[in-house]
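Trainee: Please take a close look at one part of this structure, the pairing of its strands, and follow it to the side chains that are joined to it. A connected account would be welcome.

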Amino acid sequence: MARHIFLTGDLQVGKSTIISKVLAETELSLGGFKTVGSNYKENGESDIIIYPADKSPDEGYTAAHRKIRGKEVFPEIFDTRGTEFLSKPAELIIMDELGFMESDAKIFQSKVLETLNCDISVLGVVRNMRTPFLDKVRENKNVDVIFVTKENREDIFKDVLKKIRALEQ
């Protein structure tokens, strides 16, 4: 069974940057997804876009809208598009990132958990918070969770890159 690597840690510590740097060094075909903030407005509102890991955010879908107070989440986008992105045949699956927005996306949650029991390796980010879904991801016997800090992020990058390069052999 493949081992999966999930990075966790404080906000803005460099978890997604590590993944981007690792992906720049590999030629493995990618499946899965990434998320990114987009369409920032002066009042602090913005969108969260989910898009295929091997594409640009321009090819993604709005999964949530950050409001001045709170978020409006669109679980149907995770259940349809997120599941579609996870179903793409690939040598490496990216899940950047899993968090609380998926709490009502039960089809997506099932696909994530199913993927963690497959032979294709996963590289992802899991938010440093407790939810029943995120706890299941962290507790999966195939998952290694690595806590990233500003002090260790360069070493973590090197370790993760070494493990991903081993998949190319």
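**Strand pairing and its surroundings**

Mentor: β2 and β6 pair in the parallel sense over five bridges; two strands count as paired if DSSP finds at least two bridges between them. The model is a predicted one, in which local features need pLDDT of at least 70 and side-chain atom pairs count only at pLDDT 80 or more, while totals for chains, interfaces and linings use all residues. Residues are numbered from 1 along each chain as its sequence is written, and side-chain values use heavy atoms, with hydrogens and water left out. Strands (E, at least two residues) and helices (H or I, at least four) are DSSP runs, numbered from the N terminus.

Within the pairing of β2 with β6, G32 has I94 of β6 as its bridge partner. β2 also pairs with strand β3 (residues 46–52), here in the antiparallel sense and over six bridges; there V36 has I49 of β3 as its bridge partner. These pairings belong to an open sheet of eight strands with mixed pairing, in the order β5-β4-β3-β2-β6-β7-β1-β8. Its edge strands, each pairing on one side only, are β5 (71–73) and β8 (143–148). From one strand to the next, the twist averages 20°.

Further along the order, strand β1 (residues 4–9) is parallel to strand β7 (residues 121–126), with three bridges between them, and L7 has V125 of β7 as its bridge partner. Helix α3 (residues 106–115) lies across β1, β2 (30–38), β6 (92–98) and β7, and runs at about 135° to β6. Such angles run from 0 to 180 degrees between N-to-C directions, the axes being lines fitted to C-alpha atoms, for helices over the stretch in contact; contact means heavy atoms within 4.5 Å.

β6 also takes part in a side-chain link. E97 forms a salt bridge with R127, with 3.7 Å between the closest N and O atoms. The pair joins distant parts of the chain, 30 residues apart: E97 is in strand β6, and R127 is in the loop between β7 and α4 (132–139). A salt bridge here is a side-chain nitrogen of Lys or Arg within 4 Å of a carboxyl oxygen of Asp or Glu. E97 counts as partly exposed at 23% relative accessibility, and R127 likewise at 23%. Buried means under 20% relative accessible area, exposed over 50%, and partly exposed in between (1.4 Å probe, protein chains only). The structure holds 10 salt bridges.
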